[in-house]
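The following account is intended to be read beside the sequence and the coordinates. Attention is directed to pockets, contacts and backbone geometry in turn.

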Amino acid sequence: MEERIGETVERMLERNARVEADKAWETSGFRIGTIAAITYICAAIVLYVIGAQDYLLSAIVPALGYVLSTQSLPFIKKWWLASVYKR
C-alpha cells in the first residue's frame with residue numbers, strides 16, 4: 001500500500017514539474033520573440049510575393065500586433081477570471 005502511495009506521489013510531482021515547465025515556456029520571452037520573428041518573416045514573404053511596396057516595413061505590423069497581444073493578455077485574463085469565470 002505504501003509503495004502505491006509513493007508511486008502516486010512521484011507521478012504527481014512529475015506532472016507538476018511538466019505543468020510548471022509548460023507554463024514557463026508559454027510565458028517566456030524567447031517563445032514570444034521566436035513567434036514574432038517567424039510572423040515577421042512569413043508576412044514579409046507574402047507581402048513581397050504580392051508586390052507590396054515597403055514589404056519589410058509593412059511586415060512589422062502583424063509581428064508587433066502579436067507581441068502587443070501577448071503583453072495585454074495577462075491583464076485580460078485577470079479581468080476575465082475575476083468577472084466572468086467565478087467559481
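The paragraphs below begin with the largest pocket and then turn to particular residues. The model under discussion is predicted.

The largest pocket has a volume of about 330 Å³. Where does its lining come from? Helices α1 (2–26), α2 (29–49) and α4 each supply at least two residues of that lining. Helix α4, which spans residues 60–83, makes the greatest contribution to the lining, with seven residues. In sequence order, the lining consists of Lys-23, Glu-26, Thr-27, Arg-31, Ile-32, Tyr-66, Thr-70, Gln-71, Leu-73, Pro-74, Ile-76 and Lys-77. By chemical character, these residues divide into five nonpolar, three polar and four charged.

Two of the charged lining residues deserve separate attention. How many salt bridges does the model contain? The count comes to one. Its partners are Glu-26 and Arg-31, whose closest N and O atoms are 3.4 Å apart; the pair qualifies because a side-chain nitrogen of Arg then lies within 4 Å of a carboxyl oxygen of Glu. Both Glu-26 and Arg-31 also belong to the lining of the largest pocket. Arg-31 is placed in helix α2, and the range of α1 runs to residue 26.

Is each partner of this salt bridge buried or exposed? Glu-26 has a relative accessible area of 43% and is therefore partly exposed, whereas Arg-31, at 18%, counts as buried, because the limit for that class is under 20%. The side chain of Arg-31 has a further contact with Glu-26: it reaches the backbone oxygen of that residue at 3.3 Å. Arg-31 is thus linked to Glu-26 through a salt bridge and through a contact to the backbone oxygen.

On the α4 side of the lining, Thr-70 offers another example of a side chain that meets the backbone. Thr-70 lies within helix α4 and is buried, with a relative accessible area of 16%. The side chain of Thr-70 reaches the backbone oxygen of Val-67 at 2.6 Å.

Lys-23, another lining residue, lies in helix α1. At 46% relative accessibility, Lys-23 counts as partly exposed. The C-alpha atom of Lys-23 is separated by 39 Å from that of Gln-53, a residue 30 positions away along the chain.

Asp-54 occupies the loop between α2 and α3 (55–58). Which feature of its backbone calls for comment? Asp-54 is not a glycine, yet it has a positive phi of about 50°. The residue is exposed, its relative accessible area being 56%.

The final topic is aromatic contacts. A pair of aromatic rings is described by the distance of the centres and the angle of the planes. A search of the whole structure finds two aromatic pairs. One of them joins Trp-25 and Phe-30, with 6.3 Å from centre to centre and 55° between the planes, and is classed as tilted. The classification follows because planes under 30 degrees apart would count as stacked and those over 60 as edge-to-face. Trp-25 counts as partly exposed at 44% relative accessibility, while Phe-30, at 60%, counts as exposed.

Methods: Residues are numbered from 1 along each chain as its sequence is written. This is a predicted model: local features need pLDDT of at least 70, side-chain atom pairs count only at pLDDT 80 or more; totals for chains, interfaces and linings use all residues. Side-chain values use heavy atoms; hydrogens and water are left out. Buried means under 20% relative accessible area, exposed over 50%, partly exposed in between (1.4 Å probe, protein chains only). Helices (H or I, at least four residues) and strands (E, at least two) are DSSP runs, numbered from the N terminus. A polar contact is a pair of N or O atoms within 3.5 Å; within protein, one must be able to donate a hydrogen and the other to accept it, and residues adjacent in sequence count only if both atoms are side-chain atoms. On a 1 Å grid over the protein atoms alone, a cavity is a set of points where a 1.4 Å probe fits but cannot get out, and a pocket is an open set with protein on both sides within 12 Å along at least five of seven lines; lining residues have an atom within 4 Å of a point. Grid points are joined across faces, edges and corners, and a volume is the space filled by probe spheres set on the points. Ala, Val, Leu, Ile, Met, Phe, Trp, Tyr, Cys and Pro count as nonpolar, Asp, Glu, Lys and Arg as charged, and the others, Gly among them, as polar. Rings of Phe, Tyr and Trp (its six-membered ring) pair if their centres lie within 6.5 Å; planes under 30 degrees apart count as stacked, over 60 as edge-to-face and the rest as tilted.
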